[in-house]
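Okay, everyone, let's get going. I'll put the sequence and the model on the screen, and then we'll walk through a few helices together.

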Amino acid sequence: MSLLKVEQVSRRFGSLVAVDQVSMTVEPGEFRAVIGPNGAGKTTFFNLISGFLLPTSGRILFDDQDVTAVKPANRVKLGMARTFQVTEIFPELSVRENLRIPVEVAAGHRLKPWQSRADARAMDERVDELLQRSGLTGKAGRLAGELSHGDQRATEIMMAIALNPRLLLLDEPTAGMGDQETYDVTQLIRKLHREQKLTVVLIEHDMRVVFHLADRVMVLAEGQLLAEGTPDEIAADDAVQEAYLGAEAETA
Amino acid sequence: MNSTLNRQIANALIWALLLTMPYWIGFVGGYTSLASRVVVLALAAMSLNFLLGFTGVLSFGHAAYFGIGAYGVGMTIKYLAPSTPLGILVGMGVAAAAAAIIGTLIVRLRSVYFAMVTIAFGQVFYFIAYRWNAVTGGDDGLSGWRTLPLDFGIGKLDIAGQPLTFYYFVLALFAVAVGIMALLLRSPFGRTLLAIRENERRARFLGIPVEQHIWMSWLISCVFVSLAGTLYALLNNFADPHDLRWDQSGDFVIMAVLGGMRSFWGPLIGAAIFVVLQDYISSQTENWMSFIGLFFVLIVLFFPRGVVGLLRRKAAS
Ligand SMILES: Nc1ncnc2c1ncn2[C@@H]1O[C@H](COP(=O)(O)OP(=O)(O)O)[C@@H](O)[C@H]1O
Ligand SMILES: [Mg+2]
């Protein structure tokens, strides 16, 4: 049974069709990449899956349940978590607090006006584990907004992991990073995927980054599904090469 | 430096100053009722700040709930039953009901729109108090009632007779209200409010139903501001339509921002400065509000974190 099934979704902004009848099926444990040039509609496609936007037409099934119109907070409850193209964290809270909030939400404590000592300890332990897995332990007391770009991104990814998601949606997690940071974040994502058999859908505009990560790659161009296949198939696809080279030539 | 220890010292210092205020306020030119006024308005500003500083939502209509508390206690004692505690409960209950209903109508609005609509709803209550002469006393305010002693069955405590007794009555309720708010802010629920303040989108995509949590924060904030309103009326033996007007809401915002809205005690400092300046300067000049305004602008321009932010920076350097 597939975990995520997107059926012919479209989204218009006025006369612009940002996502045009795109379908996608993701199996449990799969690592899927969505690539395409800037403006291809990748982020919009993610916004439809995570409930940030409603599709103009089409359906989205998560675990065989129709979630097309389900609110974002409820999709999180069902097991979807996401990060954003521009890192979204709580800048004036410590890294520890940034992680503690999703840990408590995942434990169903978001409305609790007090916390027992045992609960507090359990939450602390879970936060410690997340910090340790991401190598952020030494920075736990720092304000998240003061961290380097790469560490902020790691924090954001761990906030999503704190929710115990079954599906993790990552929107260009290495955007704007140098080589070392890109490598570190990529390693973190690979590790998380392997450790807990997490299903991951990752957006990337740079093909090379996803090549070693993804089981399958899907290519969007101008809102439409251009190709889908293994990384090798995609690399050999003429239409994909053309879309990329064409786009690069335009921006260059 | 250990920040938890610092916080504990600051807390102890503030409580010590509050507990002894009637005994030293005379040396700085004040008097016991002025101390009560500081504590009451500090409660109002801290309640507002629960929403403003710790949820990131600006209300410009809190005077409405402050005023509902004031009229609630006055009208209960005048028309319903001669009981101060009952009056307080009625004032808070009516304010809670009003805030709950209006809250559902406005939780989807943000920033300036939220502030504008809270003003608009606040003005509705102001006009009711202002126009409904027969019941509210209209422009003249609600008089013809007074604060009644607390009856504990075994004995009575005359909170109205002695300014000193009234001060400690106010301080006790202040302590309860402020204690509840402090506990809430340290709870998992309180952390979701900080999350919303910090980044609403992130909060929503961590599974927090943002509107529901803002509604709850708004309700808590309004209920405690209405408690302050009841105490304000009991202090003056009078409810004034001005208590509900938008400029009173503005005063609460000024107090919170002046003292520092990212700090729990900031609005207390802001309220103290505000009340004392008001008391001193208004005896010198009619235009005391322009002095407050000037002071406010200077603080916002040069110390956006308010007086407490300034003190913290000094302490850190
Ligand atoms: N909220 C929006 N309103 C109007 N147009 C939008 C909106 N979001 C995205 N677009 C447009 O949709 C197209 C696809 O954008 P996006 O999904 O961000 O692409 P990508 O993530 O692949 O770079 C772009 O032309 C963009 O300008
Ligand atoms: Mg994008």
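Let's start in chain B: in which hand of crossing does H11(B) pass H13(B)? Keep in mind that this is a predicted model. The crossing is left-handed. H11(B) covers residues 246–259 and H13(B) covers residues 288–302, and their axes come within 10 Å and cross at roughly 40 degrees. That angle makes H11(B) oblique to H13(B). If you want to click on the contacts, H11(B) brings B:Asp251, B:Ile254, B:Val257 and B:Leu258. Facing them from H13(B) are B:Met289, B:Ile292, B:Phe295, B:Phe296, B:Ile299 and B:Val300.

While we're in chain B, have a look at B:Ser226, which sits in helix H10, residues 210–236. Is B:Ser226 buried or exposed? Buried, because its relative accessible area is 0%, and the cut-off for buried is under 20%. So who does B:Ser226 touch, leaving aside residues up to four places away in sequence? The list is B:Tyr65, B:Phe66, B:Gly69, B:Gly91, B:Met92 and B:Ala95.

Now over to chain A, and helix H4, residues 117–134. Here's a quick sanity check on the geometry. At 1.5 Å a residue, the 18 residues of H4(A) should span 26 Å, and the end C-alpha atoms are indeed 26 Å apart, so that agrees. Which residues of H4(A) are buried? They are A:Met123, A:Arg126, A:Val127, A:Leu130, A:Leu131, A:Arg133 and A:Ser134. Looking down the axis of H4(A), those buried residues fall within an arc of 170 degrees, so they line one face of the helix. On the other side you'll find A:Arg117, A:Arg121, A:Glu125 and A:Gln132, which are exposed.

What does the buried set of H4(A) pack against? Three helices of chain A: H3 (95–106), H5 (149–161) and H6 (179–196).

Let's zoom in on the H3 partner. H3(A) and H4(A) pack at an angle of about 120 degrees, with axes 9 Å apart. That makes H3(A) oblique to H4(A). The crossing here is right-handed. From H3(A), the residues in contact are A:Val95, A:Arg96, A:Leu99, A:Arg100, A:Val103 and A:Glu104. On H4(A), they meet a set including A:Ala120, A:Met123, A:Val127 and A:Leu131.

H3(A) passes the length check too: its 12 residues should span 16 Å at 1.5 Å a residue, and the end C-alpha atoms are 17 Å apart, which agrees. How many of the 12 residues of H3(A) are buried? The count is 9, so this helix is largely enclosed by the rest of the structure. Among them are A:Asn98, A:Ile101, A:Pro102 and A:Val105. And the partners reach across chains: the buried residues of H3(A) pack against H4 and H5 of chain A together with helix H8 (188–198) of chain B.

Last stop, two glycines. Just after H3(A), A:Gly108 takes a positive phi of about 80 degrees. H4(A) is followed by A:Gly135, where phi is also positive, near 70 degrees. A:Gly135 is found in the loop between H4 and H5 of chain A. This glycine is exposed, because its relative accessible area of 54% is over the 50% cut-off. And if you want a distance to try on screen, A:Gly135 and A:Pro165 are 30 residues apart in sequence and 20 Å apart in space, C-alpha to C-alpha.

That's my tour, thanks.

Methods: Residues are numbered from 1 along each chain as its sequence is written. Chains are lettered from A and ligands numbered from 1 in the order in which they are written. This is a predicted model: local features need pLDDT of at least 70, side-chain atom pairs count only at pLDDT 80 or more; totals for chains, interfaces and linings use all residues. Side-chain values use heavy atoms; hydrogens and water are left out. Helices (H or I, at least four residues) and strands (E, at least two) are DSSP runs, numbered from the N terminus. The expected span of a helix is 1.5 Å times one less than its number of residues. Buried means under 20% relative accessible area, exposed over 50%, partly exposed in between (1.4 Å probe, protein chains only). The arc is that of the directions from the helix axis to the C-beta atoms. Contact means heavy atoms within 4.5 Å. Axes are lines fitted to C-alpha atoms, for helices over the stretch in contact, and angles run from 0 to 180 degrees between N-to-C directions. Angles under 35 degrees count as roughly parallel, over 145 as roughly antiparallel, 65 to 115 as roughly perpendicular and the rest as oblique. A crossing is left-handed if the near helix is turned anticlockwise from the far one by less than a right angle, and right-handed if clockwise.
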